[in-house]
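Good morning, colleagues. I should like to take a few minutes to go through the strands and the ligand site of the model now on display.

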Amino acid sequence: MLDKQSPIPIYIQIEEQLKQQIQQGDFLVGTAIPSERELTEYFGVSRMTVRQSVTNLVNEGLLYREKGRGTFVASPKVEQPLNGLTSFTEDMLARGMTPSNKIIGFEILEPEADVAADLQLADGEKVYFIERIRFADDKTMAIERTYLPVERFPGLHRDLLQGSLYAMIENNQQLKISHATQRMEAGMVKKDDAELLQIDVPAAILMIERISYLDGDVPFELVRSTYRADRYKFTTEIKR
Ligand code: 16G
């Protein structure tokens, strides 16, 4: 219950209490939590206070609102370690989820200078530009925009990318993926990407750029990904 004498603001106490109830399964994933009116009566506080607590939980990704329907409990975020060089397919399978892709773009083009530099391409070298929406258990997770040097993967076609790109590289092409560098920053989703990810604007996203290398320090992919911040959480192990 609430402690009105506590230095902890009431809206935070309510937030913590609701969080605990979600975590212990009092409210199940996908079900509605009580309405603002009900929470107002239950806690004996103003509607504004309740709204603030609920909004904070929505912003943290524990709850989501649906216009005209109410506020629901969200699925827990996928927690992905950043320590190993793994593929989306491997990550989702490791969590017992089923990965799938929708290829929304596949073309050969002349890369911009920054892409050519990242992939260490010679003048005039072309790239495949592949756009994929990635799903876990049929839920949208991310959009990946991948650049691959045409010279390294001659004859690549759309059908080969229905599954895992890394499996294709390692199994079909018999190449050895070695390491990658990655940059991550926060942002707000663009309108077109929001439609692809089936989210309402405004929404937070995590943008990741990865350059991956084959054995011998040869860059083979540049990927610019847009991850749903409400579905993803990245963790790193750090040692001292
Ligand atoms: C991950 C990688 C991406 C790689 C993809 C291959 C990040 C940020 N990105 O999503 O660079 O191309 O896996 O996945 O982790 P696939 O083998 O399932 O196609």
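Two strands count as paired if DSSP finds at least two bridges between them. The model is predicted, and I begin with a pair that satisfies this criterion. Strand β1, residues 63–66, and strand β2, residues 70–73, pair in the antiparallel sense over four bridges. Within this pair, Glu66 stands opposite Gly70 in β2. The two strands form a hairpin with three residues between them, and Gly68 in the turn has a positive phi of about 75°.

A second hairpin involves β8, residues 204–214, and β9, which pair in the antiparallel sense over ten bridges. Three residues again separate the strands, and Gly216 in the turn has a positive phi of about 90°. Ile205 stands opposite Arg228 in β9.

Strand β6, residues 139–149, is also joined to β9, running antiparallel to it through six bridges. Here Ile143 stands opposite Thr226 in β9. Is β9 itself enclosed or open? Nine of its eleven residues, 218–228, are buried, so the strand is largely enclosed by the rest of the structure.

I turn now to the ligand. The space taken by the ligand is the largest cavity. The elements giving two or more residues to the surrounding shell are α4, β5, α6, β8 and β9. The largest share, three residues, comes from β9.

Oxygen atoms of the ligand make polar contacts: 2.5 Å to an N or O atom in the side chain of Ser164, 2.9 Å to a backbone N or O atom of Tyr166, and 2.9 Å to an N or O atom in the side chain of Glu221. Taken alone, the ligand exposes 460 Å², of which the protein buries 99%.

Terms used
Residues are numbered from 1 along each chain as its sequence is written. This is a predicted model: local features need pLDDT of at least 70, side-chain atom pairs count only at pLDDT 80 or more; totals for chains, interfaces and linings use all residues. Side-chain values use heavy atoms; hydrogens and water are left out. Buried means under 20% relative accessible area, exposed over 50%, partly exposed in between (1.4 Å probe, protein chains only). A polar contact is a pair of N or O atoms within 3.5 Å; within protein, one must be able to donate a hydrogen and the other to accept it, and residues adjacent in sequence count only if both atoms are side-chain atoms. Accessible areas come from the Shrake-Rupley method with a 1.4 Å probe; for residues, only the protein chains shown count as cover. On a 1 Å grid over the protein atoms alone, a cavity is a set of points where a 1.4 Å probe fits but cannot get out, and a pocket is an open set with protein on both sides within 12 Å along at least five of seven lines; lining residues have an atom within 4 Å of a point. A molecule sits in a cavity or pocket if more than half of its atoms lie within 2 Å of its grid points.
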